[in-house]
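Q: Got a minute to go through this one with me? I'd like to start with a single residue and then look at the whole chain.

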Amino acid sequence: MTSVAVTARRWTRGWELELDEENVTQVSSLSHAPQQVRDYLDTIRPDISHAEWKINIVFGDSDLAEEITTMKEMTSKAAELQIEAGRKSRAVVRDLRSFGLSVSEVATALDISKGRVSQLEKGQKLAK
């Protein structure tokens with residue numbers, strides 16, 4: 001997927017959206033910025049479909065820009081860790097069950113419900 005970074009700056013009538021020094025457009029509400037950028041790109045490059053492009057809004061004149069970037073990075077990292085934790089949980093359940101522990105014993109060892117043990121066990125079977 002193609003993406004484009006757009007610098008957003010507040011002005012009296014809404015937001016100025018700068019793609020680069022030569023390409024700037026405006027929008028009254030930041031919530032409409034991604035579509036406005038796509039429409040603008042369609043105007044200057046009608047030969048390319050921009051409908052699926054990822055529009056990354058970056059605050060240009062704000063101390064919040066760094067905080068927003070950090071928050072997005074942390075959220076992305078948390079999602080990756082959640083996926084890895086799921087893989088690890090399925091592997092540990094498989095190993096404990098192979099070691100001969102019952103579902104109840106695995107639940108006690110991992111401090112999770114018996115239902116969750118069953119879900120993890122079934123997930124492991126589906127992943128094979």
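Q: Okay, where does N23 sit?
A: N23 is in strand β3, which covers residues 23-27. Keep in mind that this is a predicted model.

Q: Is N23 buried or exposed?
A: N23 is buried, with a relative accessible area of 17%. The cut-off for buried is under 20%, so N23 falls in that class.

Q: What does the side chain of N23 make a polar contact with?
A: With the side chain of Y40, at 2.9 Å.

Q: And which residues is N23 in contact with, leaving aside its neighbours within four places in sequence?
A: L17, E18, Y40 and I44.

Q: Staying in that strand, what about T25, buried or exposed?
A: T25 is also found in strand β3, and T25 counts as buried at 7% relative accessibility.

Q: Which side chain is joined to that of T25 by a polar contact?
A: The side chain of Q36, and the contact is 2.7 Å.

Q: What else does T25 touch?
A: Not counting residues up to four places away in sequence, T25 touches W15, E16, L17, Q36 and Y40. Y40 and L17 are also on the contact list of N23.

Q: Let's zoom out. How many helices and strands does the protein chain have?
A: There are 4 helices and 4 strands. From the N terminus, the elements go β-β-β-α-β-α-α-α.

Q: Is the protein chain a compact globule or more spread out?
A: More spread out: the radius of gyration is 24 Å, while the globule rule gives 14 Å for 128 residues, so the chain goes well over that value. The C-alpha atoms fill a box of roughly 65 × 35 × 20 Å along the principal axes.

Q: What share of the residues is buried?
A: Buried residues are 23% of the 128 in the protein chain.

Q: How about the surface, how much does the protein chain expose?
A: About 9300 Å², and carbon and sulfur atoms supply 51% of that.

Q: How many positive and negative side chains are there?
A: The protein chain has 18 positive and 20 negative ones, and the centres of the two sets are 14 Å apart.

Q: And what share of the contacts joins residues at least 24 apart?
A: 33%, taken among contacts between residues at least 6 apart in sequence.

Q: New topic: what's up with phi of D111?
A: Phi of D111 is near 60°, so a positive value in a residue other than glycine. For background, most residues other than glycine have a negative phi.

Q: Where does D111 lie, and is it exposed or buried?
A: D111 lies in the loop between α3 (103-110) and α4 (114-127). At 71% relative accessibility, D111 counts as exposed.

Q: How far is D111 from S31, C-alpha to C-alpha?
A: The two are separated by 43 Å, and they are 80 residues apart along the chain.

Q: Tell me about S31 then: which loop does it lie in?
A: S31 lies in the loop between β3 and α1, the latter being residues 33-44. S31 counts as exposed at 58% relative accessibility, and its side chain makes a polar contact of 2.8 Å with the side chain of S29.

Q: Now the helices. Where is G123?
A: G123 is in helix α4, and at 22% relative accessibility G123 counts as partly exposed.

Q: How far apart are G123 and R90 in space?
A: 7.0 Å from C-alpha to C-alpha, with their positions 33 residues apart in sequence.

Q: What about A79? Which helix is that?
A: A79 lies in helix α2, residues 64-98. A79 counts as partly exposed, at 41% relative accessibility. The C-alpha atoms of A79 and R116 are separated by 20 Å, and the two residues are 37 apart along the chain.

Q: Last one: where does R45 lie?
A: R45 lies in the loop between α1 and β4 (54-59). At 39% relative accessibility, R45 counts as partly exposed.

Q: Which side chain does R45 share a polar contact with?
A: A polar contact of 3.0 Å joins the side chains of R45 and D47. As for E22, its C-alpha atom is separated from that of R45 by 14 Å, the two being 23 residues apart along the chain.

Notes
Residues are numbered from 1 along each chain as its sequence is written. This is a predicted model: local features need pLDDT of at least 70, side-chain atom pairs count only at pLDDT 80 or more; totals for chains, interfaces and linings use all residues. Side-chain values use heavy atoms; hydrogens and water are left out. Helices (H or I, at least four residues) and strands (E, at least two) are DSSP runs, numbered from the N terminus. Buried means under 20% relative accessible area, exposed over 50%, partly exposed in between (1.4 Å probe, protein chains only). A polar contact is a pair of N or O atoms within 3.5 Å; within protein, one must be able to donate a hydrogen and the other to accept it, and residues adjacent in sequence count only if both atoms are side-chain atoms. Contact means heavy atoms within 4.5 Å. The radius of gyration is taken over C-alpha atoms; the globule rule is 2.2 Å times the number of residues to the power 0.38. Accessible areas come from the Shrake-Rupley method with a 1.4 Å probe; for residues, only the protein chains shown count as cover. Lys and Arg count as positive and Asp and Glu as negative; His and the chain ends are not counted. The place of a charge is taken as NZ of Lys, CZ of Arg, CG of Asp or CD of Glu.
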